[in-house]
Amino acid sequence: MDASSGSGSQPRVPALPHRAALAVVLVGVFLTGLDFFIVNVAIPSMQADLRASEAQIQLIVASYALAYGVGLITGGRLGDLYGRRRTFILGMIVFTFASAACGVATGPGFLLVARLVQGLAAALMVPQVLAILSTVYSGEARARAINWYAATAGIAAVFGQLIGGILIREDLFGLGWRACFLINLPIGLAAALLAGRYVPESRAPGRHRLDLIGMVLVTLALVGICLPLIEGRAQGWPLWVWPCLLAGGLLLTVFVRQQRWRGANGGTPSMDMALFRERAFTAGLVAQLTFFASMASYFLVLALYLQQGRHLDPLDSGLVFGVLGLGYIITSMTARKVAARLGRQTIAIGCLIRILALVLQIWAVAKIGTSGSVGWLVPGLFLDGAGMGLAIAPLAATVLARVSADNAGAASGVLGTAQQVGNALGVALVGLVFYDVLSRGGGADRAYPDAFTACLYCVLGISVLLAFVVQTLPKAPGRR
């Protein structure tokens with residue numbers, strides 16, 4: 001299958017044409033994932049320096065996730081229509097300068113706007129990565145590239161807190177928390193320049209028109225769904241949450257009908273509804289949402305237990321996360337080979353390893369409370385990371401297995417959106433359990449182990465559910 005570029009068709013490359021191409025696009029994945037998690041470490045010093053209120057800080061943290069989540073489908077389709085390399089470079093440049101704006105922010109309002117722009121730029125950039133990998137590479141090279149994509153995304157998530165802790169502890173050039181954003185400047189500019197040289201251009205074949213109505217509908221629908229999930233818990237589930245969720249669901253229904261009508265009348269929809277007739281894609285999206293609901297919520301409550309319950313500083317807490325990251329790196333590097341033999345059951349095995357890891361952590365927390373050695377957590381954390389690493393790459397490969405070059409960007413955007421909705425849903429539900437148990441314990445330090453343990457049971461239940469969802473996936477990865 002050919003991937004069309006601006007000057008005509010371009011043959012699929014059977015092996016990695018430039019190792020630099022893969023490295024360059026993965027920089028985008030790493031930076032966007034890093035900035036999702038690194039800001040949590042900077043919250044105390046950021047709030048003190050900018051004299052921001054709790055509500056303002058919550059909005060600053062949430063704005064990036066919201067803009068990123070609602071823009072992924074539109075960003076993916078723009079890449080299909082106007083060129084994935086071109087859109088990636090544009091997203092990287094805007095992301096880099098938005099990061100610089102975050103780093104020089106003089107007040108909470110300035111930082112809020114910069115984080116919104118940063119999130120939108122990430123939504124423009126990230127869908128192009130999977131689309132480029134899916135259209136340029138094939139066979140073993142494609143499987144290897146997607147494996148690196150998954151590994152990079154996970155590494156950014158599990159090491160984000162450690163990197164942020166190091167930057168704040170070292171206080172580079174006296175920048176304090178601002179270094180967490182300004183470090184993106186040289187890396188982002190270099191990646192944008194190298195992308196123009198090493199990354200092949202591709203776009204959906206044929207001449208297509210932009211579906212502005214569809215893009216507005218899906219954006220508003222996702223705002224209606226994601227905003228309550230991200231902000232609802234933090235604000236105590238106010239009344240506006242429920243009408244907002246209802247409006248989001250209704251707009252999503254209107255979007256689906258509009259897309260079907262546009263496709264039936266010869267237009268180019270923002271999302272080809274035929275994608276959802278493919279079992280690998282639909283079941284894979286459900287599995288993606290379920291997996292990230294367990295992963296993001298787990299990271300949140302683990303950080304709360306370590307930093308607020310045990311009073312570890314960001315660097316020490318990041319070192320604990322590093323144990324989890326070590327397990328993740330080891331299995332994510334081998335997941336592709338395991339999946340070649342076991343198919344969908346590789347994801348199920350990852351779930352089972354996570355279940356065992358969570359049981360070990362429940363036992364360890366009961367033993368150490370808030371004063372015992374965190375060393376008791378190490379076996380469970382290592383196995384948890386190993387389970388995540390074994391599941392994430394085969395899951396992404398399964399969802400994109402039968403997606404055509406025409407829809408690679410849009411499908412990647414849908415995949416990313418499922419991830420972000422899963423993140424928000426998991427954090428909202430598991431966070432609700434955490435703070436409910438904590439409040440019943442009076443908010444004292446001794447209540448943190450009970451709150452964390454209750455959430456571990458929730459994450460364990462989600463992992464069991466995922467193991468069953470995986471059984472609905474095709475038995476073998478699809479081939480073009």
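# Helix α10, cores and salt bridges

Reader: Q288 is found in a helix; which helix is it?
Author: The model is predicted: local features need pLDDT of at least 70 and side-chain atom pairs pLDDT 80 or more, while totals for chains, interfaces and linings use all residues. Residues are numbered from 1 along each chain as its sequence is written, and side-chain values use heavy atoms, without hydrogens or water. Helices are DSSP runs of H or I with at least four residues (strands: E, at least two), numbered from the N terminus. Q288 belongs to helix α10.

Reader: Is Q288 buried or exposed?
Author: Buried is under 20% relative accessible area, exposed is over 50%, and partly exposed is in between (1.4 Å probe, protein chains only). Q288 has a relative accessible area of 4%, so the residue counts as buried.

Reader: Which residues is Q288 in contact with, leaving aside its neighbours within four places in sequence?
Author: Contact means heavy atoms within 4.5 Å. With the sequence neighbours set aside, the partners of Q288 are L395, L415, A418 and Q419.

Reader: How does T282, in the same helix as named for it, α10, count: buried or partly exposed?
Author: T282 lies in helix α10 and touches L275, F276 and R277, not counting residues up to four places away in sequence. The C-alpha atom of T282 is also separated by 7.6 Å from that of V399, 117 residues apart along the chain. Relative accessibility is 30% for T282, so this residue is partly exposed.

Reader: What distance does α10 reach from its first C-alpha to its last?
Author: The expected span of a helix is 1.5 Å times one less than its number of residues. For α10, with 31 residues, the expected value is 45 Å. The span in the model is close to that expected value, at 43 Å.

Reader: How many residues of α10 are buried?
Author: α10 is largely enclosed by the rest of the structure. The reason lies in the count of buried residues, which out of 31 is 24.

Reader: Which residues have the most contacts inside the largest nonpolar core?
Author: A nonpolar core is a set of buried Ala, Val, Leu, Ile, Met, Phe, Trp, Tyr and Cys residues joined through side-chain atoms within 4.5 Å. The largest one has 58 residues. The elements giving two or more residues to this core include α5 (139–170), α10 (279–309) and α15 (408–440). The residues with the most contacts inside it are F291, Y298, F299 and F434.

Reader: What is F434 in contact with, leaving aside its neighbours within four places in sequence?
Author: F434 is among the residues with the most contacts inside the largest core. Beyond its sequence neighbours, the partners of F434 are V301, L304, Y448, A451, F452 and C455.

Reader: How many residues are in the other core?
Author: This second core lies apart from the largest one. V126, V129, F281 and L415 are among its members. Its number of residues is 55.

Reader: What is the phi of H311?
Author: H311 follows α10 and lies in the loop between α10 and α11. At 54% relative accessibility H311 counts as exposed. Although H311 is not a glycine, its phi is positive, at about 60°.

Reader: Where is R51 found, which has a positive phi without being a glycine?
Author: The phi of R51 is about 55°. R51 counts as exposed at 78% relative accessibility. It is found in the loop between α1 (19–50) and α2 (54–82).

Reader: How many salt bridges does the count come to?
Author: A salt bridge is a side-chain nitrogen of Lys or Arg within 4 Å of a carboxyl oxygen of Asp or Glu. R77, D80 and R84 are linked in a network of such bridges. By this rule the count comes to seven.

Reader: Which residue does D313 form a salt bridge with?
Author: The closest N and O atoms of the pair are 2.6 Å apart. D313 lies in the loop between α10 and α11 and its partner in helix α5, so the bridge ties together parts that are 144 residues apart in sequence. D313 counts as partly exposed at 27% relative accessibility. The partner of D313 is R169.

Reader: Which residue meets D384 in a salt bridge?
Author: The N to O distance is 2.5 Å. D384 is in helix α14 and its partner is in helix α13, 30 residues apart. Both D384 and the partner are buried. That partner is R354.

Reader: Which residue meets D49 in a salt bridge?
Author: The pair has an N to O distance of 3.2 Å and links distant parts of the chain, 129 residues apart. D49, in helix α1, is partly exposed at 42%. The partner, in the loop between α5 and α6 (179–182), is R178.
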